[in-house]
Amino acid sequence: MAPWPACSGRLLPRLAALSHFLFSDRARGLDVRASRVKTAKKFTRLAFAGVAGTVQALAFHHKLVPSISGGYGFLAILVVLLAGFRAVWTAPIGLFFAAVLVGSTQLSLRLDIDSSLAGVMQGILVLSILLVGGWQARRSRVAGTDTLTVAPEEGSG
Amino acid sequence: MEVLAGIVAAAAPLVYASIGETITEKSGVVNLSLDGSILLSAMTAFVAASTTGSVIVGFAAAMAVSAAVATLVAFSSINLRLNQIAVGFVLFLLTRQLALFLGDSYVGVSGPKVPALKIPLLSEIPFVGPVLFAHNLSVYGSFLLVIVAWWFIYRTRPGLSLQGVGERPEAAFARGVQVNRLRYVYTIVGGALVGAAGAAVSLDQIAGWRENLTTNLGWIALAFVIFGGWNPLRVALACYLYRGLLFVAGEFQVEFPDWIQVLTQLPFLLMILMITLINTEWFRSLGDRYPRWRNFLASAQPSGLGQVFVRE
């Protein structure tokens with residue numbers, strides 16, 4: 001039972017913050033069918049998160065440890081943002097992030113540099129890509145050739 | 001009495017963060033970088049105060065850093081029309097990692113603390129005095145913030161404009177309100193208050209710096225903004241109730257040590273249940289049944305929340 005509080009201590013506050021988005025579709029004016037479909041999609045995503053957790057526990061660590069998720073949930077969102085919501089790009093970007101992650105542990109071991117530098121680099125990279133994309137879209141708008149600038153609403157759920 | 005005083009003091013950082021986010025979201029912008037901003041500002045406050053020896057400089061530096069992060073959120077959502085959730089989330093991760101990286105050499109170092117300041121006469125009032133008026137400026141600031149925020153939003157003309165840009169930006173614009181300019185201003189103000197939350201932790205509540213000093217404070221604040229129906233009074237009430245629940249859970253831990261792991265998570269589970277409850281039709285109808293309490297009972301998010309305003 002020991003790892004549960006470690007995981008749930010991180011999970012529950014986030015779940016509390018996000019539960020509003022999970023249960024408020026009806027309030028946003030969606031009909032019953034659309035609301036059900038959307039809820040089903042959300043639970044499917046959570047089911048895939050369960051698969052990721054299973055792989056971590058059974059195929060990587062081979063035991064339950066505190067904070068077993070390793071922040072992969074957040075990292076996955078970065079991958080999706082960087083892939084621009086295109087599934088085919090998630091695999092190579094995921095691989096790149098995995099390389100950075102492994103490299104970060106070597107960073108602290110060999111060069112005595114804090115491993116959180118890898119996280120800073122990842123954050124700057126994704127933020128830069130988002131901002132540059134937004135800036136280019138803004139220039140297109142100004143030039144009169146409007147392009148898609150806002151990520152699909154689905155991304156906010 | 002000491003328990004109540006402790007709850008009030010412990011809730012101060014949460015109040016700063018929740019009210020800051022309430023103001024931001026009231027204007028129609030979601031700043032999801034909250035949790036990382038608090039950690040980065042906590043580190044900044046500690047480093048600045050340790051270096052200069054002044055907690056005022058610490059608070060100012062923390063507020064400036066968090067306001068800068070909020071400016072980036074405002075710029076990307078207003079000017080670049082990017083998804084606010086996406087940018088806020090990336091900034092959360094970036095600021096969090098930045099705090100850990102930059103603050104590494106300050107872990108475990110002792111630093112200054114906000115000095116205690118009893119308010120003369122008021123602190124002598126039986127019961128109320130020790131509970132409310134025997135703290136320090138950081139805690140008094142949180143009381144003042146709740147009252148000022150509520151008064152500003154619901155009792156002043158600029159507050160009405162703030163509600164307007166969050167609820168009906170097109171209508172507010174038609175009335176001559178500079179929607180995007182106000183959104184910038186309130187996002188930055190809200191961000192600065194979030195910075196004050198970080199400073200309140202590293203210079204008062206914990207008085208020090210270490211990794212994960214403010215774990216989940218931002219996420220909890222985000223949940224309380226929703227729970228509080230974007231009303232500063234209800235948001236603050238949620239903060240105090242949460243700290244009270246944490247205390248009760250702590251007391252039960254002594255009585256039932258075998259249940260310690262479940263009890264520590266109980267406040268979060270109750271929070272999820274409460275947020276689910278306030279999204280039910282029954283709770284929503286309460287405002288119609290009791291019109292005098294409509295503002296207090298309202299739980300619908302600002303209609304324009306997360307939406308870009310484009311002048312036609």
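In this predicted model, pLDDT remains under 50 across residues 147-157 of chain A, a stretch for which the model nevertheless has 22 contacts beyond four places in sequence. A second stretch of chain A, residues 1-10, also stays under 50 in pLDDT, with 17 contacts beyond four places in sequence. Where pLDDT is low, the predicted coordinates should not be read in detail. Over chain A as a whole, the mean pLDDT is 72, and 71% of the residues reach 70 or more. Among the elements of this chain, the lowest mean pLDDT, 47, belongs to helix 1 (residues 3-23) of chain A, and the highest, 89, to helix 5 (residues 116-143) of chain A. For chain B, the mean pLDDT is 90, and 100% of the residues reach 70 or more. The scores of the model are ipTM 0.85 and pTM 0.83.

Chain A contains 5 helices and 0 strands, and its pattern along the sequence is α-α-α-α-α. Buried residues account for 15% of the 157 residues of chain A. Of the contacts in chain A between residues at least 6 apart in sequence, 34% join residues at least 24 apart.

Chain B likewise has 0 strands, together with 15 helices. Of its 312 residues, 53% are buried. Among contacts in chain B with a separation of 6 or more, 76% are between residues 24 or more positions apart. The C-alpha atoms of chain B occupy a box of roughly 55 × 45 × 45 Å along the principal axes. The radius of gyration of chain B is 20 Å, which agrees with the value near 20 Å that a compact globule of 312 residues would have.

In soluble globular proteins, nonpolar side chains tend to be buried together. The largest nonpolar core of the model comprises 107 residues, of which Val15(B), Tyr16(B), Ala42(B), Ala45(B), Val90(B) and Ala196(B) touch the most other members. Helix 10 (residues 179-205) of chain B makes the greatest contribution to this core, giving 14 residues. One of the residues that touch the most other members, Val90(B), has contacts in chain A: apart from residues up to four places away in sequence, Val90(B) touches Leu78(A), Leu81(A), Gly123(A), Val126(A), Leu127(A) and Leu130(A).

Helix 5 (residues 84-102) of chain B includes Leu100(B). This residue counts as buried because Leu100(B) has 21 C-beta neighbours inside 10 Å, the cut-off being 20 or more. Beyond its neighbours within four places in sequence, Leu100(B) is in contact with Ser116(A) and Glu211(B). The C-alpha atom of Leu100(B) is separated by 8.4 Å from that of Arg210(B), although the two residues are 110 residues apart along the chain.

At the start of chain B, helix 1 (residues 2-10) has Ile7(B), Val8(B) and Ala9(B) as buried residues. The buried residues of helix 1 of chain B pack against four helices of chain B, namely helix 2 (12-26), helix 6 (128-132), helix 7 (137-155) and helix 12 (232-255).

Note on methods: Residues numbered from 1 in each chain as written. Chains lettered and ligands numbered in written order. Predicted model: local features only at pLDDT ≥ 70, side-chain atom pairs only at ≥ 80, totals over all residues. Helix = DSSP H or I, 4+ residues; strand = E, 2+ residues; numbered from the N terminus. Buried ≥ 20, exposed ≤ 12 C-beta atoms within 10 Å, placed from the backbone. Contact = placed C-beta atoms within 7 Å. Core = buried A, V, L, I, M, F, W, Y, C linked by C-beta atoms within 7 Å. Rg over C-alpha atoms; globule rule 2.2 N^0.38 Å. pLDDT = per-residue confidence, 0-100.
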